[in-house]
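Student: I have a structure open and would like some help reading it. Could we go through it together?

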Amino acid sequence: MSYLTTLLSPLNLLLFIIIVGLTIGRIRIKGISVGIAGILFAAIFVGFLMIKLIPNGNSEIIANAQSTLKILSKLGTALFVSVIGLQTGFSIKKHSKDSMFAFLIGSLMSLSGVATMLLISLLDKSISYASLFGILCGALTSTPGLSCVCEIVGNDSESAVLGYGCSYLFGVILVVLFVQLFAKKHTHNKVQSTPQPDIKSRITPELVLICLTALYGNILGNIKIASLTFGTTTGTLITGLLVGYIYCKTSKSNQIPSQCLNAFRNLGL
């Protein structure tokens, strides 16, 4: 039992899932790969195997993994959302028209998903709202959205995670197919080599920006306004937008530190 507990510790599971998932993500079939989303596929498969193969007497292994991985999930979400917010804030200054267009189209797509969810809830009242919200976030491949849903529904968060995991598989496959089959045709001839800033000299300020965004976002997300809160994910995203925009506007350098930001974003995801 002690050997099994050590072997299946949360840290070992996490590292194993990342290694296997990244390996899956690098597999290409006719030029198409799932990329970093392969980690989700590996995690679902590992979780399924653990439930099926671990004896009932060792159920504390699964309970320990769940409690620890929830903490790591919050840390990952904080990294991911902070970087997304910062990168969006950076881009608003230079691409204001494109940003407004993206906000508009994104809002319409999200609203159409919400309308579909409400229609399903009217047709089948046996489906819980937590599951529907999870399915919606998965179909939109919105990891921050799932985090918000889990904060809101509380004890019913497992239903939201289940719905998210199932629909995310189809959502990410459709996105990957669209991007790799169609979008690359338009960007194939537009690839240009641009000078990149020295990564070593940029890691510290980028990490400071990410940590500040996550810290203030967590504080903002827990402030109650008329008994309502933004939630840590929304608060972090709003903070990232503001910090990124202010930093880009006041910084003397116009270079956007994208390389390390992308690394931290992928780490969080």
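Tutor: Happily! First, a term we will need: Ala, Val, Leu, Ile, Met, Phe, Trp, Tyr, Cys and Pro count as nonpolar, Asp, Glu, Lys and Arg as charged, and the others, Gly among them, as polar. Keep in mind, too, that this is a predicted model.

Student: How do the residues that line the second largest pocket divide into nonpolar, polar and charged?

Tutor: This pocket holds about 1700 Å³ of space, and 45 residues line it. Ser110, Leu140, Thr141, Ser142 and Pro144 are the closest to its centre. Sorted by the three classes, the lining comes to 28 nonpolar, 16 polar and 1 charged.

Student: Which element gives the largest share of that lining?

Tutor: Several helices give two or more residues each, including helix 4 (59–94), helix 5 (96–123) and helix 8 (157–187). The largest share is 11 residues, and they come from helix 5.

Student: Which helix gives the most to the largest nonpolar core?

Tutor: That core has 12 residues, among them Ile32, Phe41, Cys137, Leu146 and Tyr164. Helix 6, helix 7 and helix 8 each give two or more residues to this core. With 5 residues, the one that gives the most is helix 8.

Student: Which residues does Tyr164 touch, leaving out those up to four places away in sequence?

Tutor: Tyr164 belongs to the largest nonpolar core, and two of its partners, Cys137 and Leu146, are listed in that core as well. The full set that Tyr164 touches is Gly134, Ile135, Cys137, Gly138, Ser142, Thr143 and Leu146.

Notes. Residues are numbered from 1 along each chain as its sequence is written. This is a predicted model: local features need pLDDT of at least 70, side-chain atom pairs count only at pLDDT 80 or more; totals for chains, interfaces and linings use all residues. Side-chain values use heavy atoms; hydrogens and water are left out. On a 1 Å grid over the protein atoms alone, a cavity is a set of points where a 1.4 Å probe fits but cannot get out, and a pocket is an open set with protein on both sides within 12 Å along at least five of seven lines; lining residues have an atom within 4 Å of a point. Grid points are joined across faces, edges and corners, and a volume is the space filled by probe spheres set on the points. Helices (H or I, at least four residues) and strands (E, at least two) are DSSP runs, numbered from the N terminus. A nonpolar core is a set of buried Ala, Val, Leu, Ile, Met, Phe, Trp, Tyr and Cys residues joined through side-chain atoms within 4.5 Å. Buried means under 20% relative accessible area, exposed over 50%, partly exposed in between (1.4 Å probe, protein chains only). Contact means heavy atoms within 4.5 Å.
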